[in-house]
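Student: Before us are a sequence and its coordinates. Could you show me how to read such a structure, feature by feature?

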Amino acid sequence: MPDFYEFFAGGGMARAGLGPAWRCLFANDLDPKKSRMYRENWNGGAELRTADVATLTVTDLPGAADLAWASFPCQDLSLAGAGAGLKGHRSGTFWPFWNLMKALNAENRAPRLIVLENVCGALTSHEGKDFAAICDGFEHEGYAVGALVMDAQLFLPQSRPRLFIVGVRGGSAIPDHLTALGPCAPWHTPALRTAHGKLSSNTKAAWRWWNPPLPPRRKLSLADLIEENPASTRWFTAEAVRDLLDMMSDVNRAKVAQAKREGRVMVGGLYRRTRPDGPGKKRVQRAEVRFDGVSGCLRTPAGGSSRQALLIVDGRSVRARLISSRETARLMGLPDSYKLPENYNEAYHLTGDGVVVPVVRHLAKNIIEPILDASDRQTTAAA
């Protein structure tokens with residue numbers, strides 16, 4: 001059974017994606033509310049330490065893990081944030097995490113793989129220098145490193161592209177079929193290719209173009225995940241719905257008009273955004289809706305965006321409400337058995353800050369586990 005550490009663990013969503021074949025040796029998160037849900041969902045969570053990662057030392061980390069997973073805070077790297085990058089108070093917590101990895105390496109206890117997950121803004125933060133600093137860190141510690149962008153909508157009806165940086169400790173076997181000779185769609189976006197071009201020659205030499213297979217074609221639509229009678233949120237009043245419609249541009253009003261003509265129930269994801277009211281005009285709040293069967297990316301206010309609402313159109317009837325707590329969990333791939341906070345805001349923060357479960361599983365099945373298996377066979381053959 002492979003072992004792992006989970007940093008910035010939140011509610012343990014990376015753990016959910018890795019699955020029951022993995023054993024968690026240590027988990028860490030700063031937020032006591034998220035920690036409470038971690039413990040409720042993971043058999044008491046005795047392995048969880050609720051503390052600032054900067055206060056941890058290698059003596060807190062038991063054993064030698066096969067994997068260290070870190071979904072470090074994204075707010076300073078997000079395109080919706082202030083742009084502080086890895087110098088920011090929140091995203092800068094990457095550095096004390098990385099110091100722990102370096103200290104483990106010095107003790108010959110370095111994880112065989114390290115996976116970082118964050119927003120795609122990490123590729124362009126400080127003109128690519130933050131991404132280069134992270135990748136250089138892997139190379140300096142003797143890891144092969146590569147990155148890929150995985151969008152949750154390949155697996156679930158949520159548009160949520162995220163950056164995954166995967167490092168493999170030197171000496172580990174990497175099967176040839178896990179990598180490509182160069183960038184390939186959909187995993188290596190133009191932004192990733194540009195960021196790769198700015199890496200040092202040494203880090204480029206350590207680079208791997210990870211190339212997992214595409215998942216089976218997604219069958220679920222947003223409408224398939226909607227609750228009939230959600231307990232965590234209420235329907236907006238008729239007046240509030242009219243206000244939303246009045247906030248729409250002509251383009252978005254046309255989408256609603258088309259939805260009315262469809263002759264079936266249409267479920268759209270809706271966000272309020274601040275947009276310029278024409279060239280050279282002041283910025284105004286707009287309501288924007290999509291009826292393509294895919295939710296917009298779940299974001300928390302700390303990331304600079306509003307909560308998502310749902311617009312339900314059935315003929316001439318138009319209703320709206322905030323997306324429910326359980327619906328956000330479903331959009332992240334969590335089973336309905338996963339316990340959520342009763343408080344709506346806490347539940348939204350828990351899920352919106354998390355990593356999508358089937359994305360983790362796909363990465364584990366097609367990159368992480370094959371490397372561990374090949375390395376174990378290599379070690380056995382050499383014995």
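Tutor: Let us begin with a point in a loop: E127 is located in the loop between β5 (113–118) and α4 (129–140). Please keep in mind throughout that this is a predicted model.

Student: What is the sign of phi at E127, and what is its approximate value?

Tutor: The phi of E127 is positive, at about 55 degrees, although E127 is not a glycine. With a relative accessibility of 62%, E127 counts as exposed, because the cut-off for that class is over 50%.

Student: Where does N43 lie, and what is notable about its backbone?

Tutor: N43 belongs to the loop between α2 (32–41) and β3 (48–50). N43, which is not a glycine either, has a positive phi of about 55 degrees. Its relative accessible area is 77%, so N43 is exposed.

Student: Which peptide bond is cis, with omega near 0 degrees?

Tutor: The bond that runs from A185 to P186 is cis, its omega being near 0 degrees. P186 is found in the loop between β8 (179–180) and α5 (190–197).

Student: I should like to turn to aromatic rings. Which two quantities describe a pair of them?

Tutor: One gives the distance of the centres and the angle of the planes. There are 16 aromatic pairs in this structure. For F72 and F94, the ring centres are 5.3 Å apart and the planes stand at 45 degrees, so this pair is classed as tilted. F72 is in the loop between β4 (67–70) and α3 (94–106), while F94 is in helix α3; the pair therefore ties together parts that are 22 residues apart in sequence.

Student: Are F72 and F94 buried or exposed?

Tutor: Both F72 and F94 are buried. They also belong to one aromatic cluster, whose members include Y5, F7, F8, F26, W95 and W98.

Student: What can be said of W98 itself?

Tutor: W98 is part of helix α3. Its relative accessibility is 4%, so W98 counts as buried. Between the C-alpha atoms of W98 and I134 the distance is 9.0 Å, and these residues are 36 apart in sequence.

Student: A ring may also have a charge over its face. Which charged residue sits over the ring of W235?

Tutor: That residue is R319, whose charged end is 3.9 Å from the centre of the W235 ring. A further case is R307, which lies over the face of Y348 at 5.7 Å from the ring centre.

Student: For strands, the points to read are the partners, the sense of pairing and the bridges. With which strands does β10 pair?

Tutor: Strand β10 (residues 266–276) pairs with strand β12 (residues 309–314) in the antiparallel sense, over five bridges. Within that pairing, G268 is opposite L311 of β12. β10 also pairs in the antiparallel sense with strand β11 (residues 283–290), here over eight bridges. In this second pairing, L270 is opposite V289 of β11.

Student: Lastly, how many cavities of 30 Å³ or more does a search of the whole structure find?

Tutor: The search finds one. The largest cavity contains about 40 Å³ of space. Among the residues that line the largest cavity are E117, M150, R160, F164 and V359.

Student: How does the lining of the largest cavity divide by residue character?

Tutor: The lining comprises six nonpolar residues, one polar residue and three charged residues. G354 is one of the lining residues, and Gly counts as polar in this scheme.

Notes: Residues numbered from 1 in each chain as written. Predicted model: local features only at pLDDT ≥ 70, side-chain atom pairs only at ≥ 80, totals over all residues. Heavy atoms only, no water. Pairing = 2+ DSSP bridges. Helix = DSSP H or I, 4+ residues; strand = E, 2+ residues; numbered from the N terminus. 1 Å grid on protein atoms, 1.4 Å probe; cavity = no way out; pocket = protein on both sides within 12 Å on 5 of 7 lines; lining within 4 Å. Points joined across faces, edges and corners; volume = space filled by probe spheres on them. Phe/Tyr/Trp six-rings, centres within 6.5 Å; stacked < 30°, edge-to-face > 60°. Buried < 20%, exposed > 50% of the residue type's maximum accessible area, 1.4 Å probe, protein only. Lys NZ or Arg CZ within 6 Å of the ring centre and 35° of its normal.
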